[in-house]
Amino acid sequence: MIERTLAKRYAAALLRITDAEGSTEEAEAYLLALKGAFEKDRKFRAVLTQPRIPRAAKKQILRKAFEGRAKNSFLDFLDLLVDKNRIDILPEVADMFDRLADVSKGIVRVQVRSWKPLSDGHRTGLQGRLERLTGKKIEVEAQADAALQGGMLVRIGDT
């Protein structure tokens, strides 16, 4: 619970900075890539979360990965996570940043489960109808679920 609250605070702070710079999408992509590496590469995660490894070394590893591509504000944000011993909540920060960035852009992600894969035409039609219904920009995340007997299940937030 506390990790979620902390992640939201860090993500909101980064979003304010990236919105002002116009680099929200770039930061979102870098955070999600870093989250993927953190979750998939056990050695990478172990190095970043190991208390015996000096903070300066951790910062250097992270800076080297993004130097020349990411803005200094993003690199400073990663340094802050290391300094505050919060690098372990990086996946939660990335997820929260992704959600907050979508909200700030007016995007709503919709999960759709259907008994068979949606064609591009069906996906586009469903997206258009949902955009008219909600008045917001919709991003459809569709997946096939053979357990469904027919039709589809559409989830917008908690609905």
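In the predicted model, Asn 85 is located in the loop that links α5 to α6. This residue adopts a positive phi of about 55 degrees although it is not a glycine. Most residues other than glycine have a negative phi. The position of Asn 85 in the sequence is just after α5. With a relative accessibility of 48%, Asn 85 is classed as partly exposed, because the partly exposed class runs between the 20% limit for buried residues and the 50% limit for exposed ones.

Helix α5, which precedes this loop, comprises residues 72–83. Its 12 residues reach 16 Å from the first C-alpha to the last, close to the 16 Å expected at 1.5 Å a residue. The buried residues of α5 are Ser 73, Phe 74, Leu 75, Phe 77, Leu 78, Asp 79, Leu 81 and Val 82. An α-helix has 3.6 residues a turn, so residues three or four places apart point the same way. The elements that cover the buried residues of α5 include α1 (2–21), α2, α4 (55–66) and α6.

Two of the helices named in that cover, α2 and α6, also pack against one another. Helix α2 spans residues 24–40 and helix α6 spans residues 90–105; their axes lie 9 Å apart and form an angle of about 155 degrees. Helix α2 is therefore roughly antiparallel to α6, as the angle lies over the 145 degrees that defines this class. The crossing of the two helices is left-handed. On the α2 side, the contact is made by Thr 24, Glu 25, Ala 27, Glu 28, Leu 31, Leu 32, Leu 34, Lys 35, Phe 38 and Glu 39. Helix α6 contributes Leu 90, Pro 91, Ala 94, Asp 95, Phe 97, Asp 98, Ala 101, Asp 102 and Lys 105. By residue class, the contact of α2 with α6 contains 10 nonpolar residues, one polar residue and eight charged residues.

Among the α6 residues of this contact is Asp 102. At 6% relative accessibility, Asp 102 counts as buried, because the value falls under the 20% limit for that class. When residues up to four places away in sequence are not counted, Asp 102 touches Glu 28, Ile 107 and Arg 109. Of these partners, Glu 28 is one of the α2 residues in the contact with α6.

Helix α2 makes a further contact with helix α3, residues 42–49. The axes of α2 and α3 come within 5 Å and cross at roughly 100 degrees. Helix α2 is thus roughly perpendicular to α3. The contact involves Leu 34, Ala 37, Phe 38, Glu 39 and Lys 40 of α2, together with Arg 42, Phe 44, Arg 45, Leu 48 and Thr 49 of α3. These residues divide into five nonpolar, one polar and four charged. Leu 34, Phe 38 and Glu 39 of α2 take part in the contact with α6 and also in the contact with α3.

Regarding the chain as a whole, seven helices and three strands are present. Their order along the sequence follows the pattern α-α-α-α-α-α-β-α-β-β. Taken along the principal axes, the C-alpha atoms fill a box of roughly 55 × 35 × 30 Å. Of the 159 residues in the chain, 34% are buried. Among contacts between residues at least 6 apart in sequence, 74% join residues at least 24 apart.

Note on methods: Residues are numbered from 1 along each chain as its sequence is written. This is a predicted model: local features need pLDDT of at least 70, side-chain atom pairs count only at pLDDT 80 or more; totals for chains, interfaces and linings use all residues. Side-chain values use heavy atoms; hydrogens and water are left out. Axes are lines fitted to C-alpha atoms, for helices over the stretch in contact, and angles run from 0 to 180 degrees between N-to-C directions. Helices (H or I, at least four residues) and strands (E, at least two) are DSSP runs, numbered from the N terminus. Angles under 35 degrees count as roughly parallel, over 145 as roughly antiparallel, 65 to 115 as roughly perpendicular and the rest as oblique. A crossing is left-handed if the near helix is turned anticlockwise from the far one by less than a right angle, and right-handed if clockwise. Contact means heavy atoms within 4.5 Å. Ala, Val, Leu, Ile, Met, Phe, Trp, Tyr, Cys and Pro count as nonpolar, Asp, Glu, Lys and Arg as charged, and the others, Gly among them, as polar. Buried means under 20% relative accessible area, exposed over 50%, partly exposed in between (1.4 Å probe, protein chains only). The expected span of a helix is 1.5 Å times one less than its number of residues.
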